[in-house]
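Hello, and thanks for taking a look at this one with me. Below are some numbered points to help you find your way around.

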Amino acid sequence: MGKYSAHGSPKFDALIDAHMERIAEVVYQSIYSKHWKALVLFGGYGRGDGTPRIDAKGEERPLNDYGFLVVTRS
């Protein structure tokens with residue numbers, strides 16, 4: 001069992017980790033980020049039961065989108 005999926009490989013987890021890092025970089029560059037306390041991944045990938053799909057080259061890719069919750073100070 002992987003971090004984000006019951007059926008994904010370590011390579012799939014690394015891909016999603018890279019996506020999470022990039023998303024966090026972009027989100028925290030927002031002018032509103034000074035009001036934020038946390039960015040929380042939820043849904044299938046947040047619960048660890050997201051679904052990988054196999055593309056034409058045999059690579060695992062996320063099947064669904066990512067869901068996020070932004071926690072603010074007020």
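1. Let me begin with a term: a salt bridge is a side-chain nitrogen of Lys or Arg within 4 Å of a carboxyl oxygen of Asp or Glu. By that rule, a search of the whole structure turns up 5 salt bridges. Please keep in mind throughout that this is a predicted model.

2. Now for the overall layout. The protein chain contains 2 helices and 4 strands, and along the sequence they come in the pattern α-β-α-β-β-β. Measured out along its principal axes, the C-alpha trace spans about 45 × 20 × 15 Å. Of the contacts between residues at least 6 apart in sequence, 64% join residues at least 24 apart.

3. A word on surface and interior. The chain has 74 residues, and buried ones make up 28% of them. About 5,200 Å² is exposed, with carbon and sulfur atoms supplying 56% of that area.

4. Where should you look for the largest nonpolar core? Pick out Y4, F12, I16, M20, L41, Y45 and Y66, which make up this core of 7 residues. Helix α1, covering residues 10-28, gives the most to the core, with 3 residues. As general background, nonpolar side chains tend to be buried together in soluble globular proteins.

5. Y66 deserves a visit of its own. With a relative accessibility of 18%, Y66 counts as buried, because the cut-off for that class is under 20%. Leaving aside residues up to four places away in sequence, Y66 touches I16, H19, M20, I23, L41 and Y45. Among these neighbours, I16, M20, L41 and Y45 are also members of the largest nonpolar core.

6. Next, the aromatic rings. The structure holds 4 aromatic pairs. One of them joins Y28 and W36 edge-to-face, at 6.0 Å centre to centre and with 70° between the planes. Y28 is partly exposed, at 36% relative accessible area, whereas W36 is buried, at 17%.

7. Another edge-to-face pair is formed by Y66 and F68, with 6.5 Å from centre to centre and 65° between the planes. Here Y66 is the buried partner, while F68 is partly exposed at 29% relative accessible area. Which residues do ring pairs link into a cluster? They are F12, Y45, Y66 and F68. Of this cluster, F12, Y45 and Y66 also belong to the largest nonpolar core.

8. Back to the salt bridges, starting with D17 and K3. Their side chains meet at 3.0 Å, N to O. D17 sits in helix α1 and K3 in the segment before α1, so this pair ties together parts that are 14 residues apart in sequence. D17 is partly exposed, with 23% relative accessibility.

9. A second example involves R47, which is found in helix α2 (residues 43-47). R47 forms a salt bridge with D49, and the closest N and O atoms are 3.5 Å apart. Is R47 buried or exposed? At 60% relative accessibility, R47 counts as exposed, while its partner D49 is partly exposed at 42%. You can also follow R47 back towards the start of the sequence: the C-alpha atoms of R47 and Y4 are separated by 7.1 Å, although the two residues are 43 apart along the chain.

10. D55 and R61 give one more salt bridge, with their side chains meeting at 3.5 Å, N to O. In this pair D55 is buried, with a relative accessible area of 18%, and R61 is partly exposed, at 31%.

11. Finally, turn to the outside of the model. V40, F42, L69 and V71 make a nonpolar surface patch of about 310 Å². The elements giving two or more residues to this patch are β1 (36-42) and β4 (67-72). V71 lies in strand β4 and is partly exposed, with 31% relative accessibility. Patch members need over 30% relative accessible area, so V71, at 31%, satisfies that requirement.

Methods:
Residues numbered from 1 in each chain as written. Predicted model: local features only at pLDDT ≥ 70, side-chain atom pairs only at ≥ 80, totals over all residues. Heavy atoms only, no water. Patch = residues over 30% accessible without salt bridge, like charges linked within 9 Å, V, L, I, M, F, W, Y side chains within 5 Å. Areas by Shrake-Rupley, 256 points an atom, 1.4 Å probe, with all protein chains shown as cover. Buried < 20%, exposed > 50% of the residue type's maximum accessible area, 1.4 Å probe, protein only. Phe/Tyr/Trp six-rings, centres within 6.5 Å; stacked < 30°, edge-to-face > 60°. Core = buried A, V, L, I, M, F, W, Y, C linked by side-chain atoms within 4.5 Å. Contact = heavy atoms within 4.5 Å.
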